[in-house]
Amino acid sequence: MLKNSFISVFSQKEKEENRGSVEFQVLSFTNKIRRLTSHLELHKKDYLSQRGLRKILGKRQRLLAYLSKKDRVRYKELIGQLNIREIKTR
């Protein structure tokens, strides 16, 4: 597992100031998702981690939906920085 492959879009000072921002939370969830995905590639039968991954994916999806409704520009910028797909709209 590669620990250095996580994303660091924010500087250290911004991390301390903006921990409650939607962007920081999505960044944190994305790092957790990538870490769990690499873990599950090695341990395919770890069902508890699979459940945790699904829960984190749902949380990130809800935050991204909220951000896309409130500020479309920030949403597009965040999607571009994190290199994740855009959520489906109903």
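Okay, let's start with helix α3, residues 47-70, and helix α4, residues 72-82: their axes sit 6 Å apart, and the two pack at an angle of about 135 degrees. That angle makes α3 oblique to α4, since anything from 115 up to 145 degrees falls outside the parallel, perpendicular and antiparallel ranges. Before I go on, keep in mind that this is a predicted model.

So who is touching whom here? On the α3 side you have L64, L67, S68 and K70, and on the α4 side they meet R72, R74, Y75, L78 and I79. Sort the α3 and α4 contact by class and you get five nonpolar residues, three charged and one polar.

Now the other partner of α4. Helix α2 covers residues 22-42, and its axis comes within 11 Å of the α4 axis, with a crossing of roughly 30 degrees. How are α2 and α4 oriented, then? They are roughly parallel to each other, because angles under 35 degrees count that way. The crossing of α2 and α4 is right-handed, by the way.

As for the side chains, α2 brings E23, V26, L27, T30 and R34 to this contact, and α4 brings R74, L78 and L82. The class split for α2 with α4 is four nonpolar, three charged and one polar. If you were keeping track, R74 and L78 of α4 turn up against α3 and also against α2.

That takes us to the core. As a general point, nonpolar side chains in soluble globular proteins tend to be buried together. Here the largest nonpolar core has 17 residues, and the members that touch the most others are V26, L64, L78 and L82. Which elements give two or more residues to this core? Those are α2, α3 and α4. The biggest giver is α2, with seven residues.

Let me zoom in on V26 for a second. Leaving out residues up to four places away in sequence, V26 touches R60, L63, L64, L78 and L82. In that list, L64, L78 and L82 are the ones I just named next to V26 as touching the most other core members.

Last stop, for contrast: R54. Is R54 buried or exposed? This residue is in helix α3, and R54 is exposed, with a relative accessible area of 54%, where the cut-off for exposed is over 50%. One more thing about R54: I33 is 21 residues apart from R54 in sequence, and their C-alpha atoms are 9.0 Å apart in space.

That's what I have, so go ahead with questions.

Key:
Residues numbered from 1 in each chain as written. Predicted model: local features only at pLDDT ≥ 70, side-chain atom pairs only at ≥ 80, totals over all residues. Heavy atoms only, no water. Axes fitted to C-alpha atoms, helices over the stretch in contact; angles between N-to-C directions. Helix = DSSP H or I, 4+ residues; strand = E, 2+ residues; numbered from the N terminus. Parallel < 35°, antiparallel > 145°, perpendicular 65-115°, else oblique. Contact = heavy atoms within 4.5 Å. Nonpolar A, V, L, I, M, F, W, Y, C, P; charged D, E, K, R; others polar. Left-handed = near helix turned anticlockwise from the far one by under 90°. Core = buried A, V, L, I, M, F, W, Y, C linked by side-chain atoms within 4.5 Å. Buried < 20%, exposed > 50% of the residue type's maximum accessible area, 1.4 Å probe, protein only.
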